[in-house]
Amino acid sequence: MAELKLMKGNEAFGEALIREGVDGYFGYPITPQSEVIEYLMTELTHERTGMVTLQAESEIAAINMVYGAAASGKKSATSSSSPGISLKQEGISYLAGAELPCLMLNVVRGGPGLGTIQPSQADYFQATKGGGHGDYHMYVLAPASVQEMADFVEDGFDIAYKYKTPVMLLSDGVIGQMMEKVMIKEQKPRLTDQEIHEKHGDWATIGRIGGRERNIITSLYLKSDQMEEHNQKLQAKYKKMEEDDCRWEEIQTEDADYIIVAYGSSARISQKTIQLAREKGIKLGVLRPITLFPFPKKPISELANRVKGFLAVEMSAGQLVEDVRLTVNGKVKVEHFGRNGGIIPSPVEVLEAIEKLIKE
Amino acid sequence: MTEELIIAGFGGQGVLSMGKILAYSGIMQDQEVSWMPSYGPEMRGGTANVTVIISDDRISSPVLTEFDTAIILNQQSMDKFEESVKPGGVLLYDPNGISKHPTRKDITIHSIEGASLAAEMGNTKIFNMIILGAYLEVKPLVKLENVILGLKKSLPERYHKLIPLNEEAIHKGMDNVKNL
């Protein structure tokens, strides 16, 4: 039964994993997302649905457990925060190369290095442009509420299986740590071995049932022509994602002269700025990318034809702003406002940045 | 209606759980709520604060720098948050341990002797419920019955026997808050 609860973003993600019928979660604790594994352990997932929750010896072990489970057709997930996600990069590149579906959550903290445990959005480049080696992308969803921390579990797995690709939820300490009310969906049953065979038997390594040809999961193609062909297949997939599964939200953009582009908690803060700006007679709107890859180029380039300027607001020194600039392509000015190191920008600061953009 | 509130004090005073009970109370009356803690390297005896928003509408930023109400429970928090109350807003504080009392003239200031009342009642753990009661008296935005429902939701079942004591503490706070 669906239930209304008051939960932290991290807990809502954990509960949503259980309800999604996930087979295995493999993780290693790190602030600010340790509540995910703590919640799953407290909920005794194995007793509830048969889902395995395992604290690995390291992040590297955890991501490779995800690889193994996903390869056998099991629905698998992991989560971590920035330094831990860096450790997982080799595994993520292999998952993308081997076309394995899985879900990962990064509750971003300030960096670089060990950084701080406070919220940040400085892993945008890492999430959207690679991070690991090779020409690959993950499908990246950016939740902006506790509700989306739960809902994007289902949406993320749908995409992961549709494209056979790793999917990342790029969140941050604000969304992970805050509590909001959240409607948790009904429990989905975990797939039986028979159902996995029927659904994923054409690629998953689940034994040669009926003496069929063996399935091989690999990212190794020593012959260059095969490797190129494989790369082209991956690129075609990313193009299709862009055409069919790009998501965004427009907030008061209809009559706007200026647009803030912001995702996750920055988008929430910027919505407060809309209210403050409109009280001063500034027609401000927010375009919130829901998917960071694929990036919502279409609505941004359309807006660029009729607005006077864009401001990218992010908790980083300027990462998202590069994609906005590429998309706007010089039509109007694009500026950046960011705080870093774990400082959360205030709605008033963002308003000041908008006023500066208007004056210039 | 939108209430933007900060509760700030020492870790261990029950600041976060008081915020959680308020958030639950908001849900009980079908409102939107957010609860955003300071989750830094906090510890018992260190400072802790939580921003709670209760609103009839969708909540935009869960992180704020100005508040309708500030509940202040130690000097460090007074130094930090007195200035962040919006003009016309409310500051509620426990004078216990406060050396520099609030001086602003453009806000309403209330005090509640939470620490000494809790000591009188023989249970320092209900301190936060006394403060909550004082807040409900000053700003009756959530109904007491919904607060009790919120308490039931946020307390594990094994502690439900303590609900009458908590209710008593809430009334204590309601009866003893002073408008300065």
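## Two pockets

In this predicted model, the second largest pocket has a volume of about 650 Å³. Its lining is made up of 29 residues, and those nearest the centre of this pocket are A:Ile344, B:Ser38, B:Asn49, B:Val63 and B:Lys80. Four elements of chain B, namely β1 (2-10), β2 (32-37), β3 (47-55) and α2 (75-81), each contribute at least two residues to the lining of the second largest pocket, which by residue class consists of 15 nonpolar, twelve polar and two charged residues.

The largest pocket encloses about 1400 Å³, and among the 43 residues that line it, B:Ser17, B:Lys20, B:Ser154, B:Leu155 and B:Pro156 are the closest to its centre. Two or more lining residues come from each of β1 (3-8) and α2 (34-42) in chain A, and likewise from each of α1 (15-28), α4 (127-138), α5 (144-154) and α6 (163-176) in chain B. The lining of the largest pocket comprises 21 nonpolar, eleven polar and eleven charged residues.

## Strand β5 of chain A

Strand β5 of chain A, residues 102-108, is mostly covered, with seven of its seven residues buried. In a regular strand, side chains alternate between the two faces of the sheet. In β5(A) both faces are covered, since A:Cys102, A:Met104, A:Asn106 and A:Val108 are buried on one side, and A:Leu103, A:Leu105 and A:Val107 are buried on the other.

β5(A) pairs with two strands of chain A: strand β4 (residues 76-80) runs parallel to it and is joined by four bridges, while strand β7 (residues 166-172) is also parallel and pairs with it over seven bridges. A:Asn106 takes part in both pairings, as the bridge partner of A:Ser80 and as the residue opposite A:Leu170 in β7(A).

## Salt bridges between and within chains

Over all chains the structure holds 35 salt bridges. One of them brings together the side chains of A:Glu249 and B:Arg58, at 3.2 Å from N to O, and it crosses between chains, from strand β9 (residues 248-251) of chain A to the loop between β3 and β4 (67-72) of chain B. A:Glu249 counts as buried because its relative accessibility is 18%, whereas B:Arg58 is exposed at 56%.

A:Lys272 and B:Glu4 form another salt bridge, with their closest N and O atoms 2.7 Å apart; this pair also crosses between chains, linking helix α12 (residues 264-279) of chain A to strand β1 of chain B, and both residues are buried.

Definitions and conventions:
Residues are numbered from 1 along each chain as its sequence is written. Chains are lettered from A and ligands numbered from 1 in the order in which they are written. This is a predicted model: local features need pLDDT of at least 70, side-chain atom pairs count only at pLDDT 80 or more; totals for chains, interfaces and linings use all residues. Side-chain values use heavy atoms; hydrogens and water are left out. Buried means under 20% relative accessible area, exposed over 50%, partly exposed in between (1.4 Å probe, protein chains only). Two strands pair if DSSP finds at least two bridges between them. On a 1 Å grid over the protein atoms alone, a cavity is a set of points where a 1.4 Å probe fits but cannot get out, and a pocket is an open set with protein on both sides within 12 Å along at least five of seven lines; lining residues have an atom within 4 Å of a point. Grid points are joined across faces, edges and corners, and a volume is the space filled by probe spheres set on the points. Ala, Val, Leu, Ile, Met, Phe, Trp, Tyr, Cys and Pro count as nonpolar, Asp, Glu, Lys and Arg as charged, and the others, Gly among them, as polar. A salt bridge is a side-chain nitrogen of Lys or Arg within 4 Å of a carboxyl oxygen of Asp or Glu.
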